[in-house]
Amino acid sequence: MAVTIVNTPADFVPVNNNVIWTGTSTNVAQPQFKYLVDIVINAVTVYRYKIKPEPGGLQLLVVDVSKILRNYLSKDLYLPAADQGIRTGNNSFVEYDIEIGEEYEVAGVLQQFPPTATATHYVFNGALSYVDFVDFVPGTYLDSKFLTNAPRTQNTFLEGAGALHLMVDVGTTITDLAIETYLGGVLQNSYSITTLFPATNYYLFAAGVDTINDIDPVYFSAPVVQPIIHTSVDQYIVQVNLSTGSTEQFTFNIVDTCYDPIRVHWLNRLGGYDWFDFELSARDNYSVDRRSMKQVPDVVGQTGTVTYSKQDRVNLDYWVKEKRKTTLTSNWITGEQSEWLKDMLSSQDIYLEIGGEYIAVNIDQANYDVKYEDRDELFNLEVAFTYAIDSDRQQF
């Protein structure tokens, strides 16, 4: 008996795309032959496939394990809270083992044979477009690039939460989260935040102004007084140092605004959460869905008296739901931002950050036109967000 794995997916592939394994066996000619494919997570077999060989000369095993693995991932949203500024994202990736055995008849008795081909791999909560998936190279991101297509230099305000997501390779450890603050291009301070978490393969790092200022001072390598990002800072840079080197840098330029911006957070295609500030306007709209009935006014009392009242109703709204929609308008944006923000329109997990809290919303908009400076000149973005839960009124 000999099973050989032919195609092995790359480590750290997006689970919402194909995760295809193929293999061969020297026993495919045996009667009632099937491949047995076990998915093992945390030393527990969570699913077993029984698969007939593909027709053809090699009688290949072909199995896409992505649909099963999706059930074992969710998301990691960095909700505002005072903590150490580094969090593990163990809901966003999973380590799994593939074990391949066989089943066939021996002397007329169907028997199963234990796995002879095994491998350990990883998937993360990505959902790339087919074009991007074809070109996806996990090593481009591991230990180096954050899981976002956002511009690496962007404007921000002196408020708002946000985090950067990072996958690290097997054996890589986190040294610290490094933050530098500037004023007028001159370095003001350098900060180092360390982690006490056990080593894992997915981390979230504080990057928004409020998220950084919420880091407990005890986690800094040197004493600090919070807030470290304040009115005497006009730029800060975030980077992560690892046992293998350093990640790319994110640069945030702090700008003033005459408005009260609303920040939107969304789950991006790489499995991290992006954010963007809508600065110019916010308009609320409410729509009402009613169920009505007609009734006979109860004008005759039990004693036979007849009483009419201005409070009587013939038409009664017995079921009412109120739906809230907020339409936000951005300031002028660049072509790079326009290209990036199309990811928000297709996201299934979106939040408005209002008063330090995240409120779940949906986008009903079905179309989005990407704009470019060389042909569209100045442009901004207007998006309507519908609150994810309708409000009930009293029911009669």
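**Entry 1: two phenylalanines**

I began with Phe278 and Phe385, and both turn out to be buried. A reminder to myself: this is a predicted model, so I read everything below as computed.

**Entry 2: strand S19**

Phe278 took me to its strand, S19, which covers residues 273-278. How many of the six residues of S19 are buried? Six of the six are, so the strand is largely enclosed by the rest of the structure.

I then looked at the two faces separately. In a regular strand, side chains alternate between the two faces of the sheet. On one side of S19 I find Tyr273, Trp275 and Asp277, and on the other Asp274, Phe276 and Phe278. Every one of these is buried, which leaves both faces covered.

**Entry 3: the partner strand**

Next I asked how S18 (residues 262-267) and S19 run, parallel or antiparallel. They run antiparallel, and six bridges join them. Across from Asp277 in S19 stands Arg263. The two strands make a hairpin, with five residues between them. I checked the turn as well: Gly271 has a positive phi there, about 95°.

**Entry 4: aromatic pairs**

How many aromatic pairs does a search of the whole structure find? The search gives 19. I wrote down two of them.

Tyr191 and Phe220 pair edge-to-face, with 6.0 Å centre to centre and 80° between the planes. This pair links distant parts of the chain, 29 residues apart: Tyr191 belongs to strand S13 (residues 186-193), while Phe220 is in the loop between helix H3 (209-213) and strand S15 (235-242). Are these rings buried or exposed? Tyr191 has a relative accessible area of 13%, below the 20% cut-off, so it counts as buried. Phe220, at 7%, is buried too.

Back to my starting residues: Phe278 and Phe385 also form an edge-to-face pair, at 5.8 Å centre to centre with 80° between the planes. Here the partners are 107 residues apart, Phe278 in strand S19 and Phe385 in strand S24 (residues 382-387), so I note another link between distant parts of the chain.

**Entry 5: a cluster**

Which residues join Trp275 in one aromatic cluster? They are Phe146, Tyr236, Phe250 and Phe252. Trp275 is familiar from S19, where it is one of the buried residues.

**Entry 6: charges over rings**

Last, I looked for charged side chains above aromatic faces. Arg87 lies over the face of Tyr78, 3.8 Å from the ring centre. Lys145 lies over the face of Tyr141, at 5.0 Å from the ring centre.

Methods
Residues are numbered from 1 along each chain as its sequence is written. This is a predicted model: local features need pLDDT of at least 70, side-chain atom pairs count only at pLDDT 80 or more; totals for chains, interfaces and linings use all residues. Side-chain values use heavy atoms; hydrogens and water are left out. Buried means under 20% relative accessible area, exposed over 50%, partly exposed in between (1.4 Å probe, protein chains only). Helices (H or I, at least four residues) and strands (E, at least two) are DSSP runs, numbered from the N terminus. Two strands pair if DSSP finds at least two bridges between them. Rings of Phe, Tyr and Trp (its six-membered ring) pair if their centres lie within 6.5 Å; planes under 30 degrees apart count as stacked, over 60 as edge-to-face and the rest as tilted. A charge sits over a ring if NZ of Lys or CZ of Arg is within 6 Å of the ring centre and within 35 degrees of the ring normal.
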